[in-house]
Amino acid sequence: MKSESVTRSIMIPFILLSLFCHSSQDGNTGEHVVLLCGPKNLTLKSWDQTIQATWEDDPSCSAVKEELVYELLVLVRDQQVHHDLVTVTPEQIGLSHLWTWTSHRALECDSPSVLLSVRYRNYTSPRRQEGTLPGMTNSSDPEVYPRDPVFQVGSRATFCCVLPAGGTFTDMYLVGYNRSEGNITKINNQTYSLSLVLNQPSSPSGTDVKCEATIHQQPTDNGVTAFIGYPPDDRELQCETRDLESVECQWTVGRDTHLPTQYQLVGSAYECFQRTCRGKEDVSTGERSWKLRAHNELGTVELTDSADLMTRVHMLAPESVTGSTVNHRDARLKWSWKVQGYKDLNLTCEVNLSHAGPQKPNSGVGLDSTVLMNLIPNWSYNVTVRCRTTQHPWKWSSWSSTFNFHTKGDVPDALDVWMKMKDNEILIIWKILLEKQSHGHVLDYTVTWSNIRGTEQHNTTTVTHNHVTLRLDTTQQYVVNVTARNVNGSSSPSTIITPSSSSAGLNPTGVRGSRMAGGGGGFNVSWSSSPAASCGYIVDWCPSSSPSTVTWIKVPQTNVFLKNLREGQRYSVSISACTRGAALLLETREGYVQEQRIQGDLFRALRSKQTGSEVELSWDQIPLTEQTAFIQGYVLEWSDRDQQDNNTAVHNVSTDEPTSTSLTASDLKTSSYTFTVKARTALGECCSKQLIVHVNSGTDNWIRTVVISLAAVFSVLTLVSVVCCRQWACIKQKVYPPIPRPLLTDTWLRSTGERSLHVDQGPSEVDIMDAPQLLRKPGAQVNQPPPNLPPPLRSLPAPAGLPSSPFRGAFQNLSYDLMMQTEDQQPPEGHTAEYPAPTPPLDTAQEEPGSHMTCDLTYILVPQPVLCKFTPLMN
Amino acid sequence: MNGHVQRMSFQQFMELTTTLLPLLLVMAVDSTRTVAASSSNQQCGNSLQRTLKLTRLAQKESVLLIKTYQKAAQGEMSELFCKGLVNDVPDPNISGLEPSERIASIYTHLQTFMAHFKRVYEQQTDLQLPSSPLLGELTVVSARSRGLAALINSFYQSLFPNLPMPEPAGGPTTLPPPQNVFQQKVYGCAVLRTYKEFLSNVSRELRTLKGKVCRRRMETNTFLLRMT
C-alpha cells in the first residue's frame, strides 16, 4: 500500500508535466520562447535631472528573429509621468541597451520609478523589470534641488524643497525675484516645488534659491545657487601678426554670458586670455586657417578665419620719434622700428600734427623719416606717427608717443590795414596779429605816411596799439604804410591810400545810406557791383554807438554774411570798392540783426514848461546804446486829472522825427493834467513815462507874482528892523555919536544942582513914580573923573537952611545910589521897597569902573563912553 | 673696665654688623632683582598691548570683510543664513584653564582659521570676478591672522620659555568636504562670523591676561629670587 501511494505521488506530477509539455509543443514553439524573452539586469543612474537606464536582453530573446520593442514607463508615486519606446533590431539583441530621459524637475524631489517591458509583433512579454532611483537620504535640514543648476535666461525652472520628517514649510523663493513671480506647489507633505521663469541673468556668484522651514520649532533655511546666463555668441575671429613671428587672434565678444566661458583655438597651442589667443607661427607659410571654440554650460560656438599672415600685418607703433632738423617753417622727423622685419616692408606712414591735423602720408620701404612743410614760425607742435604696410593695407598701427617741438621765430606777417574818415581826421586801424601770424611778441607798430605825389617828407610815428589818428590835409591823398615789429624784425609794410576830399573817398557825406534787416545772427549784405572795384570790396561794420571798434572784411564778390553779431545792437555797415588807389565808399547801411523791445527808462530827464495854455514836455537826447530798436517817433498823450469819470478825453500829439526831444500840448485849461510820453518802434510803443503838470491861468500867475513880491519886501523889512533893533546902540553910536559934555566945577555943579532941585520940587505923584530908580548896590562904582581932574565932591551935606522936600525922605543922597539899570536888572514890580535907600557915605574904593548911571546933569562929573547896549533908561 | 667696655662695644658692633650686613646684602640683591622683574613685567605688558592692538585691528577688518562678503553674495545674507549650523567650522571659544593653555588655544585657533580662510578664498575665486574687493579683503584678513598668530606665539614663548607650543589636539585642520555653491557661501559666511566672534573672545582674553599673567610673572620672579 505504501509503495503504491509513493508511486502514485510521483506519477501524477510527471503525467501532468508531460501533458503540459505536449500541449505546448502542439501549439507554437516560438511563442514558448517568447514567454522567456524579456529585460534583465535593469540598472538606473541619474545626474542632474537625467535618468539613465541600462539593461540587457534575456538570452531567450536571441531566438526572436524580429525587432524587440522595449517600453519604458516613468512613474512618480504610481502616476505615469513619461512613456518611451526603445526599438532593438535583431542585430542588437543580446547587447546592452541604454535609455536616458531628462525630467523637468529634480529627480530627488520625486524618486521616480522606471517600469521596463518588451513586446514584439503584437505580443507583450509578461516579463517586466522595475527600478527605482534611490530617494534622497534623510537630512536634518530642508534640502533644495537641483543643486547648482545652470539655466538660460528666459527659461522656466522648477526647484523643489524636501523637508525632513516633522518639518513645516515656510517659504521658498529666488533672491532678487519678486515672490509673486514664483509658483509654489505642494507635492506632498515633505516636498514643495517652486516654478518660475528666470528673466534675469545672475551675478558671478549666482542666484540663491532658498527654502525656509521650521524644524523642531526652530526656523531654518537652506538653498542652492542657480547660475542663469546665456550661451556664448562671440563672432568675427580675426588673426594677424604684429611682430612677423607670432599670431594674435582676436574676436568680437558677444553679450555677457554671466557664466564661465572657456575659449580654445582648436588644433593649436595658442594661449587664450580674455579676448585674445596668441601663439608662435611661421608667418611666411601662406594661407592658413584658425578655429576658435567658445564654450559654457549652455552652449558652444565655433568661429573660423583663414588668411595669409603677410596680408595681415598689424604694425607696432613707431618708436623714438624725434626731430632731426627744426627750422622756421619746416622740420624733419625720424623714428625707429622695434621689429627689424619692418625694414623690409613697403610702409606708409601718416603724421598727425597738432593744430594742422593728419598730414599727407608718405610711403617707402622701411620708412623711418619724413619732412613736415608749411609750419608756422615760433609755434609749438605735438606730432605722432602711425604706419601700415603699403601693399596689403590691413590696419594702422597705433599712434606713436607724442614728440613736441617748437619752430624758430620769424618776422610778423603783413598787417591787415583799414581806415575810417571823420571830418578832417583819418583813423588808420589794423587787425591785431594772431599768435600764429605774429611769430613772436609784437613790440610796436610803425606808421609812415607821405603825400602821394612825394612832395613831402615821410612822417613816421610808432605806437603800441592797433590804430592811429592822423590829421592830414584832406585835399590831398596820402600813402600810409604800417609795419609790425617783433624781436626777429619788421613785417613787410601794408599800404593804404587815403582819399582826398575832392573825390568821393570814404567820406560818408553824400553817400547813399539805408536801413537793413538782419537775421540768423547776422546781416546778409549784398550790393551792386561797381566798375571802380578793381580788387574786390571791403565791408566794414561796427556798433553805431562805438565807431572805433570797426571790423572789416575784404571779399571779391558782391555779397557777404556778417555773423556773430548781437541782437538789439544797432550796427553801421559800410561797403567800399577796392581800387588801385584809395578805396571808394559805395554805400552805408544801418540796422539791427534783430530789433528788441527797448527796456528801461528812456525819458530819464522828462520836464515840462508852461507857456500860456501850452505845455512843452522835453527830454534829453536818447543815446544810441539805449536804442535796441529803431525809434520811429514819439507820442505825447494828456488827460485832465480833475475829471474823475471814465470818459475823460485823452488828447495826444505825436512826431515821426526820431531825433525830436520835445512835444507840446496846446489848448490846455487851468487844471491838473497827466502827460504820458512814449516812443514808437517797429515793435510797438514803449518806454511810457508820465508827468503830472498843474496848468495855471495868466491872472493867477500875476497875483502869485505880486504876492510873492510883497512877501519878499516884507520879509526884507522885517529883517532889517530886527537887525537895527538888536544893534541900535551901535547904529546910534555910528549915526549919532554922543556929544561930550563940558566938565563942571563944584560951585557950578552945586548951584546948578540946587537949581535943579529947586526946579524939581513940585512934581506930582505920577512924576515921582516915573522917576528913574536910584539904587544903591554894594560894590557899584560911580563914574570916575579923569585922573588929571580934581576929585569931585562925594559928600555934600544938605544945607540946614534948605526947605524940606518930599524927596529928602526917600533919597537922602542920590549921588551914591544912582546907577543905570538895564531891564533885566530892574527889580520885580512890587518889590521896590525891598531895595533900601542908599545910606551915605560910600567908599569909593568899592566902586567898580565902568558902572553906568543916568544922565542927570546934577550928578554927572565926567563924560563916559557910550556902550553899544540898548538901555531904556537912556531915553 | 674701660677695656671691657670697649671690647663689649666692639663685640656688639660686630654682632650688629654681622646681623645687618646679610640683611643689607639681601636687600641690595632683592632690589636689583625687583628692578629686573619690573623691567620684565613692563616688557610683558608691552608685548600684550601690542598683541591686543593687533587683535582689535583684525577685529575691525573682519567686520568690514563680513559686510563685503554679504554685499558680494547678493546682499541678502540674513542672520539666519550665517548662523546656520555648519560643520567643520572652528569653535570661537578659547579652551584651557591655565593661561598657557588658553594662549596656546588662541594660537592653534588662528592656525585653524588660516586653513579655513584658504578654502574660502579658493571657493570665492570661482564665484567672484578677479576685480572683486572680497578677494583682496580675504587676503588681508588671512595675512593679519598669520601676523597675529606669530605675535601670540612670541608672547607665549616670552611667558613660558620652557613650554613648547602644543600641537592642535584634533590633529590637522579638518576642512569641509566638497560642497555645492550655496553651501560654500554659507560656509564662508560662517567662517567669517566665527572668526569675528573668536577675535572678540581673544580681545577679552588678552585683557584678562594683562592683569593676570604679567603681574603673576613678576610675583613669581620675586618669589623665585627670594628662594634663592
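This tour visits the interface of chains A and B, then two sheets in chain A.

**Before you start**

This is a predicted model, in which local features need pLDDT of at least 70, side-chain atom pairs count only at pLDDT 80 or more, and totals for chains, interfaces and linings use all residues. Residues are numbered from 1 along each chain as its sequence is written, chains are lettered from A and ligands numbered from 1 in the order in which they are written, and side-chain values use heavy atoms, with hydrogens and water left out.

**Stop 1: the interface**

Show chains A and B together. Here 20 residues of chain A are in contact with 14 residues of chain B (contact means heavy atoms within 4.5 Å). The buried area is about 1,500 Å², and carbon and sulfur atoms give 50% of it. Buried area is the accessible area (1.4 Å probe) that two parts lose on being put together, summed over both.

Which residue of chain B forms a salt bridge with Asp208(A)? Select Lys185(B): the closest N and O atoms of the pair are 2.6 Å apart. The rule finds one salt bridge across this interface; it asks for a side-chain nitrogen of Lys or Arg within 4 Å of a carboxyl oxygen of Asp or Glu.

Now select residues 207–215 and 218–229 of chain A. These are β14 and β15, and each supplies at least two residues of the side that touches chain B. Strands are DSSP runs (E, at least two residues), numbered from the N terminus. β15(A) gives the most to that side, with eight residues.

**Stop 2: a sheet of four strands**

Move to β16, β17, β20 and β19 of chain A. In that order they form an open, antiparallel sheet. Two strands pair if DSSP finds at least two bridges between them. Strands of a sheet pair through backbone hydrogen bonds.

Select 235–240 and 271–273 of chain A. These are β16 and β19, the edge strands; each has a single partner strand, so one side of each is left without a neighbour in the sheet.

Add residues 276–280, which are β20(A). β19(A) and β20(A) are antiparallel and pair over three bridges. Zoom in on Phe273(A): its bridge partner in β20(A) is Thr276(A).

**Stop 3: a sheet of three strands**

Finish with β23, β24 and β28 of chain A. They form an open sheet in that order, with antiparallel pairing. The edges are β23 (319–326) and β28 (369–372), and each pairs on one side only.

Select residues 331–336 for β24(A). Five bridges join β24(A) to β23(A). Last, pick Thr325(A): opposite stands Arg332(A) in β24(A).
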